[in-house]
Amino acid sequence: MKKYDRMLFRYIDVRINSPENAQEAIQDIFLTLWNNRYGVNITDTLAPYLYKAAKNKVVDYYLAANREIVNYQALLPEYEAEVAPAADESILAAELQDWFSNEVDKMPETIKNVFTLSRNEQLPVRDIAARLSLSEQTVKNNLTIALKRLQVRFNRMQSISLLLVVLRICFFR
């Protein structure tokens, strides 16, 4: 454990950006390995097995986070009828929409066009590629760049409530 725990911690923490959850994942990995020590068949070294387990923990982390958001969205319609929206919610939504539009406007022209066609007009990659005379792979790469750019900018805002409002504005109209 002492040989691999620091490497695994860095591997997981870089991907989930949560030292507490990374430490918990490492403990789970080694605990599972110990509990299954007689049934685990490691043919080479231990490192590939541990990194595969770490990768799976990262995937599990994001799936669990996604499940929470999905469950929140499933519960939302029940409470919307019961709870009147706050007076500043529409102001906040408008500010976030402005922020989102400004961030999209700051993107390079090709990336902005690809992102706009994908999200606003909801065109598939093939149609975007044909319309802009780009390869499908270039369209996919531009979408990835745009989403990553928005994610990085949004992470700076550091607020989960703002994230939920933006997700709702952008994807659940």
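Colleague: In what order do the elements of the chain run from the N terminus on?
Modeller: This is a predicted model. The chain has eight helices and zero strands. From the N terminus on, the order is therefore helix after helix: α-α-α-α-α-α-α-α.

Colleague: What share of the contacts with a separation of 6 or more comes from residues 24 or more positions apart?
Modeller: The count covers contacts in the chain with a separation of 6 or more. Residues 24 or more positions apart account for a share of 58%.

Colleague: What percentage of the residues in the chain is buried, and what part of the exposed area do carbon and sulfur atoms supply?
Modeller: The chain has 173 residues, and buried ones make up 26% of them. Its exposed area is about 12300 Å². Of that area, carbon and sulfur atoms supply 54%.

Colleague: How are helix 1 and helix 2 oriented: parallel, antiparallel, perpendicular or oblique?
Modeller: Helix 1 spans residues 5–16 and helix 2 spans residues 19–35. Their axes lie 9 Å apart, at an angle of about 135°. Antiparallel needs an angle over 145 degrees, and perpendicular stops at 115. The angle fits neither range, so helix 1 is, relative to helix 2, oblique.

Colleague: Is the crossing of helix 1 and helix 2 left-handed or right-handed?
Modeller: Helix 1 and helix 2 pack with their axes 9 Å apart. Their crossing is right-handed.

Colleague: Which class of residue has ten members in the contact of helix 1 with helix 2?
Modeller: Helix 1 brings Asp 5, Leu 8, Phe 9, Ile 12, Asp 13 and Ile 16. Helix 2 contributes residues including Pro 19, Ala 22, Ile 26, Ile 29 and Phe 30, and also Asn 21 and Gln 23. By class, two residues are charged, two are polar and ten are nonpolar.

Colleague: Which residue in the loop between helix 1 and helix 2 has a positive phi although it is not a glycine?
Modeller: Most residues other than glycine have a negative phi. In the loop between helix 1 and helix 2, a phi of about 55° is found. The residue has 69% relative accessibility, so it counts as exposed. It is Asn 17.

Colleague: Is Ser 133 buried or exposed?
Modeller: Ser 133 is in the loop between helix 6 (125–132) and helix 7 (136–155). It is not a glycine, yet its phi is positive, about 55°. The cut-off for exposed is over 50% relative accessible area. Ser 133 has 67% relative accessibility, so it counts as exposed.

Note on methods
Residues numbered from 1 in each chain as written. Predicted model: local features only at pLDDT ≥ 70, side-chain atom pairs only at ≥ 80, totals over all residues. Heavy atoms only, no water. Helix = DSSP H or I, 4+ residues; strand = E, 2+ residues; numbered from the N terminus. Buried < 20%, exposed > 50% of the residue type's maximum accessible area, 1.4 Å probe, protein only. Contact = heavy atoms within 4.5 Å. Areas by Shrake-Rupley, 256 points an atom, 1.4 Å probe, with all protein chains shown as cover. Axes fitted to C-alpha atoms, helices over the stretch in contact; angles between N-to-C directions. Parallel < 35°, antiparallel > 145°, perpendicular 65-115°, else oblique. Left-handed = near helix turned anticlockwise from the far one by under 90°. Nonpolar A, V, L, I, M, F, W, Y, C, P; charged D, E, K, R; others polar.
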